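These are my notes from going through the model on screen. I went from one pair of strands outwards.

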Amino acid sequence: MTERSSGKVTTMQHAIADLVRDGDAVAIEGFTHLICFAAGHEIIRQRKRDLTLCRLTPDVVYDQMVGAGVAAKLVFSWLGNPGVGSLHAIRRRVERADPAPLELEEYSHFGMVCRYTAGASRLPFFPLRSYSESDLPVANPRIVPIDSPYGDGSVYAVPPLNPDVAIVHAQRADARGDAQIWGLLGCQKEAAFAADRVIVVCEEVVDEEVIRRDPNRTVIPGLIVDAVVEEPKGCHPSYAQGYYDRDNRFYLDWDGIARDADRLEAWLDEWVRGLESHAEYVEKVGAERWARLAPGEAWSDPVNYGKYS
Amino acid sequence: MSSPAPKVESGYSATEMMIVASARQLAGERVCFVGVGPPNIACNLARRTVAPELELVYESGVFGAVPARLPLSIGDPTLVTGAASVTSMFELFAYYLQGGLIDVGFLGASQIDRYGNINTTVIGSYRSPKVRLPGSGGACEIALNAGKVFVIMPQSRRSFVERIDFRTSPGHLAGVRHTDWPGSGPAVVVTGFGVYRFEKSTGEMYLAVVHPGVTVEEARENTSWDLTVSSELETTPAPTAEELRLIREELDPEGAYTR
């Protein structure tokens, strides 16, 4: 741990208080895998307001945040409870403006990935082969056809997405914020490089040497990271490959909870606002349930990087 | 969206028939972009029966998945363990899909029209929808870039409609696709009633095969347009004991999707 960078390691409470501001565009990324629910819950506890929430798949975490009233807008590409059905808190606001309207800015998955890529690369747009004859560019005029400058047809352009804050959960990171991820990579790298401020949350803070012994696994360099939070089991009910499984039971249960605004409110009071921290949440989930989510073991073989000294 | 359960021969469910019929369509295919739910079971069944060489690709960034249990989402960790490759989503969409490596893309649909244009976005108007559906996900780019598209969906007059409320994923448009699109579009639609194909000259869907115990009249009654029926209409062979065993014992032992 170097002296220069050790100041990044902090608590979730401090990281959210210092780096997430009312009105910000916030991206808690992670495609099914490594969704940082702990950060979403802390944002709810701190009663942030008017956030623009960016994610390919808003998932249960944004249903909770929208239900808790922290968001004014969603930027997304697939709005559902994966493998289960609908996100009812979000649907209430979209279909009935209940209790308030929610602005939507909608793309496809590849469109969202390209938006982060343009944002990370500081490009004015990114071209892709999608959207032709779809109604999506009608619904969202920011999706625009462009002719190839080389005269070989047209493609569609999407604008850069540069969130104010990206929150990325990794299996491990060092105190500088060098973060290593294995399993599904989603577009956390692109979202982090595109964002103005980056919070890395991890299952374990490890020594810098652990990172340096396996540099191919580093997805996000500490260079772009503002805060490092160690939050074991911070993705529940999402999962962390090799650490714990997805809690499908919770995703199913959420359907019933979120259908009823009063039940949703009671759930938020019991599981989020009524708790001080994610550590209390982990305790409340209970040892029996954690035991059921143990992933078993499947190790990769070590590789030789060579010494070259 | 619920659909009236078509009558089936005793011994298996309508969903099992739909999955078995879909899996058989994959014979001879090599690289398949898999969706969650019934397509997932169909693709994994095909890999164990008619298409052992089938490479399963998931939009979450997995190539060559060999799931040891039924994945309950397209981002299930069982897709990663033992896979040939795990990539970023950018690579998956840019190099695998847009790069032209996908032979078959599986899509679901809330509404489909006779030309295979698909809606998964809204029922009603976009600005004030009666029902807000999930949206595109990767479907729009799959519809344009996959070599061909297979659709698995429940069929009723509410889903097989004259006019879709929103075109999320283009099919054969009003009969003819653009020639500069990389993929050839919808080739097969499998429902609980039968298997539909598309007439080359008109781009229109026709009933090619009915499942055992289903009549042409039932298929027509559950279609909002005047359905074309093949003059050489065939009947789907009933699921074999081995196909049912694989679904019930290996692929969906808890009956999450098939019961």
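**Entry 1: a strand pair in chain B.** I started with strand S1 (residues 31-34) of chain B and found it joined by two bridges to strand S5 (residues 104-107) of chain B, with the two strands running parallel. I looked up Phe33(B) and noted Gly105(B) as its bridge partner in S5(B). I keep in mind throughout that this is a predicted model.

**Entry 2: the sheet.** I then followed the pairing outwards and got an open sheet of ten strands in chain B, with mixed pairing. I wrote down its order as S4-S3-S2-S1-S5-S10-S11-S12-S13-S14. Which strands stand at the edges? They are strand S4 (85-86) and strand S14 (228-235) of chain B. Each has a single partner strand, so one side of each has no neighbour in the sheet.

**Entry 3: Leu26(B).** I found Leu26(B) in the loop between H1 and S1 of chain B. Is Leu26(B) buried or exposed? I count it as buried because it has 23 C-beta neighbours inside 10 Å, and the cut-off for buried is 20 or more. Leaving out residues up to four places away in sequence, I listed what Leu26(B) touches: Cys32(B), Cys43(B), Ala46(B), Val50(B), Ala51(B), Leu54(B) and Val104(B). I also checked the distance to Ala46(B), which is 20 residues from Leu26(B) along the chain; the C-alpha atoms are separated by 6.4 Å.

**Entry 4: helix H6 of chain B.** Next I sorted the residues of helix H6 (residues 241-251) of chain B by burial. The buried ones are Glu243(B), Leu246(B), Ile247(B) and Leu251(B). Why do I say that they line one face? Seen down the axis of H6(B), the buried residues fall within an arc of 95°, so they line one face of the helix. The background is that an α-helix has 3.6 residues a turn, so residues three or four places apart point the same way. On the face of H6(B) turned away from the buried side I found the exposed residues Ala241(B), Glu242(B), Arg245(B) and Glu249(B). I then asked what the buried residues of H6(B) pack against. They pack against helix H1 (14-24) and helix H2 (38-48) of chain B.

**Entry 5: chain B as a whole.** I counted six helices and 14 strands in chain B. Of its 259 residues, 57% count as buried. The C-alpha trace of chain B spans about 45 × 45 × 35 Å along its principal axes. Its radius of gyration is 17 Å, which agrees with the value near 18 Å for a compact globule with 259 residues.

**Entry 6: chain A as a whole.** Chain A has twelve helices and 13 strands. Buried residues make up 50% of its 309 residues. I noted a span of about 55 × 50 × 35 Å for the C-alpha trace of chain A along its principal axes. The radius of gyration of chain A is 20 Å, in agreement with the value near 19 Å for a compact globule with 309 residues.

**Entry 7: where the chains meet.** I finished at the interface, where 42 residues of chain A are in contact with 39 residues of chain B. On the chain A side, the elements that give two or more residues are helix H4 (88-96), helix H5 (109-121), helix H6 (136-139) and helix H7 (188-194) of chain A. H5(A) gives the most, with four residues. I sorted the residues on this side of chain A into 16 nonpolar, 16 polar and ten charged.

Methods. Residues numbered from 1 in each chain as written. Chains lettered and ligands numbered in written order. Predicted model: local features only at pLDDT ≥ 70, side-chain atom pairs only at ≥ 80, totals over all residues. Rg over C-alpha atoms; globule rule 2.2 N^0.38 Å. Buried ≥ 20, exposed ≤ 12 C-beta atoms within 10 Å, placed from the backbone. Contact = placed C-beta atoms within 7 Å. Nonpolar A, V, L, I, M, F, W, Y, C, P; charged D, E, K, R; others polar. Pairing = 2+ DSSP bridges. Arc of directions from axis to C-beta.
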